[in-house]
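The following exercises concern helix packing and the surroundings of one side chain. Please examine the sequence and the structure before turning to the solutions.

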Amino acid sequence: MNNSIKFKRRLNHFLTYFYLVALSIIIIYPLLITIMSAFKTGNVLAFKLDTDINFSLENFSKLFTETLYGTWYFNTLIIAILTMIIQTSIVVLAGYAYSRYNFLARKQSLVFFLIIQMVPTMAALTAFFVMALMLNALNQSWFLIFLYVGGGIPMNAWLMKGYFDTVPISLDESAKLDGAGHFRRFWQIVLPLVRPMIAVQALWAFMGPFGDYILSSFLLREKEFYTVAVGLQTFVSDVKNLKIAYFSAGAILIALPICILFFFLQKNFVSGLTSGGDKG
């Protein structure tokens, strides 16, 4: 009996570690290829793991001097920052309203949000393109921001509402008895307690424009208006003129602002759970 239990335990450990090792290889292998390709001197003809290289920053400097990558990077940063600020603000306000107030068509609008999420982006591309033509918004960053914000509100408002629901409404009622108005209860009492979800919402909204290719490539037609995702694709779209080293260097630089924002926000993931409980 004891031998059988020990065997099952060892088998469980083996399978767990085997899964973790396999998953690590799947994640790390392409990352290593990208890093190695980015620091190689000269052009790279294929994505392959080659450790016999002389490390150089040549590809990173040429990326900004010989291509429009700097312009694409700036375009993406502006879109990502504005999308993060606008979407997070709207989602937080919407989530609080749905969590704390009863108003006309409240349940119906929440169901409508779910229905909207069932429609894939691919199905709406034609409608977005026609809308862009009507508004003369092709190659316009503001239209792309509008679509990113609008597409992120429904599901994220649901998630934000669910997180607001975990905050006891007794806190609102106590603050109301002390004379706090609607805005003060929201800003000083409830908002500090939902900081972890706000940080997650901000990070998601910021990451979206960096990873989106389909929508941005459909609406941005001139090279000077490209985002980094669309611009990097041009380095590997021509089989006869592959620029894999440039592609790899540009892909690594995409991670920098996302990592910086993550480290800036990570303190909110924990501190937001306890801060604000004694305020008001």
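**Exercise 1: Orientation of two helices**

H4 and H6 are oblique to each other; the task is to derive this description from the angle at which H4 and H6 pack.

Solution. The model is a predicted one. Step one is to take the angle: helix H4 (residues 106-117) packs against H6 at about 125°, and the axes are 9 Å apart. Step two is to apply the cut-offs: 65 to 115 degrees counts as roughly perpendicular and over 145 as roughly antiparallel, the rest here being oblique. The two helices are therefore classed as oblique. Step three adds the handedness, since H4 passes H6 in a left-handed crossing. By class, this contact has eight nonpolar, two polar and two charged residues.

**Exercise 2: A second partner of H6**

Describe how H3 passes H6.

Solution. The axes of H3 (residues 69-100) and H6 (residues 141-165) come within 7 Å and cross at roughly 35°. The crossing of H3 with H6 is right-handed. The contact comprises 17 nonpolar, seven polar and three charged residues.

**Exercise 3: The setting of Arg100**

Does Arg100 count as buried or exposed, and which side chain does a polar contact join to that of Arg100?

Solution. Arg100 lies in helix H3. Its relative accessibility is 15%, and buried means under 20%, so Arg100 counts as buried. A polar contact of 3.1 Å joins its side chain to that of Asp172. The Arg100 side chain also reaches the backbone oxygen of Phe164 at 3.1 Å. Beyond its neighbours within four places in sequence, Arg100 is in contact with residues including Val167, Pro168, Ile169 and Val190.

Methods:
Residues numbered from 1 in each chain as written. Predicted model: local features only at pLDDT ≥ 70, side-chain atom pairs only at ≥ 80, totals over all residues. Heavy atoms only, no water. Axes fitted to C-alpha atoms, helices over the stretch in contact; angles between N-to-C directions. Helix = DSSP H or I, 4+ residues; strand = E, 2+ residues; numbered from the N terminus. Left-handed = near helix turned anticlockwise from the far one by under 90°. Nonpolar A, V, L, I, M, F, W, Y, C, P; charged D, E, K, R; others polar. Parallel < 35°, antiparallel > 145°, perpendicular 65-115°, else oblique. Buried < 20%, exposed > 50% of the residue type's maximum accessible area, 1.4 Å probe, protein only. Polar contact = N/O pair within 3.5 Å; in protein donor to acceptor, adjacent residues only side chain to side chain. Contact = heavy atoms within 4.5 Å.
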